[in-house]
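Biologist: Could you take me through one part of this model closely, namely the sheet together with what packs on it and the cores around it? I would enjoy one connected account.

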Amino acid sequence: MANTQATAQAATKPNPTPVTLIGLGPMGQAMAGVLLKAGYDLTVWNRTRSKADALAGRGAHVAASPAEALRAGGPVLLSLTEHAVMYRVLEGAEADLDGRTLINLGSDTPAASREAAAWAGRHGARYVTGGVMSPAPGIGDASMSAYYSGDRAAFEENKAVLEVLTSTDFRGEDPGLAQVYYQIQLDLFWTTMTGFLHALALARAEGIPEETITPYIIEGNDMPMFFEMTSQTVAEGRFPGDQDRLAMDTASMEHVLQATRDAGVDAALPEAVLALFRRGIDAGFGESTFARLITLMDKRA
């Protein structure tokens, strides 16, 4: 509640603090909009200048170049597709990085984030990695969140700006940590959503409308419970087959695959899952619980 109130208050008070935003895709546009609404003195730059026109009409300063944007003052928020784009955009403007704070809100790997932090440091800039767990329409909503890591002092100094975008969760001084948390969430999200689409495809092929099957899918899958049980099993490192056995799970997955083939639905996804299950069977896990498959994914488990 406090964060929501703080965001609402920020939206009603002018704030002369300068902020620079580079990158005006859907996320950048949303970020620029809430920063302007909160009264920040916003400078923007985008390769396609026309994307800044509407923001200029709302009071944003439009820089003619990345170097000019860097010189505008305040933290520099980067809303770019990946870190490689940052290097291309800022090429030739490295001298203007000295003394600046870069807060990279684009997606990339933890390793790429660590390399980017080292690169920024060599040019005299402080670096914070962000992993924004919100789609563009959720920017400005304090119930949404973002992970941050890297230069702690730089994060704390700019926390108020970042909390205009979403709530914040600082995970540590390793600049790769924010992207570790972010990519873990995306790993689960995209594999889960791909499974959901496959389930819809199977339903459609069997003549069941999406609006009919979706409530059953939601009601029949208590994923938080399964996540908690499986996480505890993995943490303990014991995989008894007293609650489920991989041999039975494999037979179940074989039925899913056959139903998919019978319906004429693309079988690549269940084939991949079944292949992993069968690797577990070949490794001697048939009488163990499904969770033991993690030992095939992570040799340290």
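Modeller: Gladly. Helices and strands here are DSSP runs, with at least four residues for a helix and at least two for a strand. Please keep in mind that this is a predicted model.

With that in hand, let us begin with the annotated span. The UniProt annotation, from an unreviewed entry, reads "domain: 6-phosphogluconate dehydrogenase NADP-binding" and covers residues 19–166. Helix makes up 38% of residues 19–166 and strand 22%, while the end C-alpha atoms of the span lie 16 Å apart.

Now to the sheet. It is open and mixed in its pairing, with eight strands in the order β3-β2-β1-β4-β5-β6-β7-β8. The edges are held by β3 (61–62) and β8 (167–172); each has a single partner strand, so one side of each is left without a neighbour in the sheet. Further in, β1 (residues 18–22) pairs with β2 (residues 41–45) in the parallel sense, over five bridges. One of the matched pairs joins T20 to its bridge partner T43 in β2.

Helix α2 (residues 26–37) packs on this sheet, where it touches β1, β2, β4 (76–78) and β6 (126–133). The direction of α2 makes about 165 degrees with that of β1. Another helix, α5 (residues 83–90), lies across β1, β2, β4, β5 (101–104) and β6, and runs at about 145 degrees to β5. Its buried residues are worth a look: H83, V85, M86, V89 and L90 of α5 are buried. These residues cover an arc of only 150 degrees around the axis, which puts them on the same side of α5. After α5 comes G92, with a positive phi near 90 degrees.

That brings us to the cores. In soluble globular proteins, nonpolar side chains tend to be buried together. Here the largest nonpolar core has 32 residues, and those with the most contacts inside it are L35, L42, L77, Y148 and L165. At least two residues of this core come from each of β1, α2, β2, β6, β7 (145–150), α7 (152–157) and α8 (159–165). Helix α2 gives the most, with six residues. For a close view of one member, take L165: leaving aside neighbours within four places in sequence, L165 is in contact with M31, V34, L35, L77, L105, G138, I139, G140 and D141. Apart from this core lies another, of 22 residues, including W45, V89, A93 and Y127. V89 thus turns up twice in our tour, as a buried residue of α5 and as a member of that other core.

Notes: Residues are numbered from 1 along each chain as its sequence is written. This is a predicted model: local features need pLDDT of at least 70, side-chain atom pairs count only at pLDDT 80 or more; totals for chains, interfaces and linings use all residues. Side-chain values use heavy atoms; hydrogens and water are left out. Two strands pair if DSSP finds at least two bridges between them. Contact means heavy atoms within 4.5 Å. Axes are lines fitted to C-alpha atoms, for helices over the stretch in contact, and angles run from 0 to 180 degrees between N-to-C directions. Buried means under 20% relative accessible area, exposed over 50%, partly exposed in between (1.4 Å probe, protein chains only). The arc is that of the directions from the helix axis to the C-beta atoms. UniProt positions are given in the numbering used here, feature names are shortened, and annotations may be inferred rather than shown by experiment. A nonpolar core is a set of buried Ala, Val, Leu, Ile, Met, Phe, Trp, Tyr and Cys residues joined through side-chain atoms within 4.5 Å.
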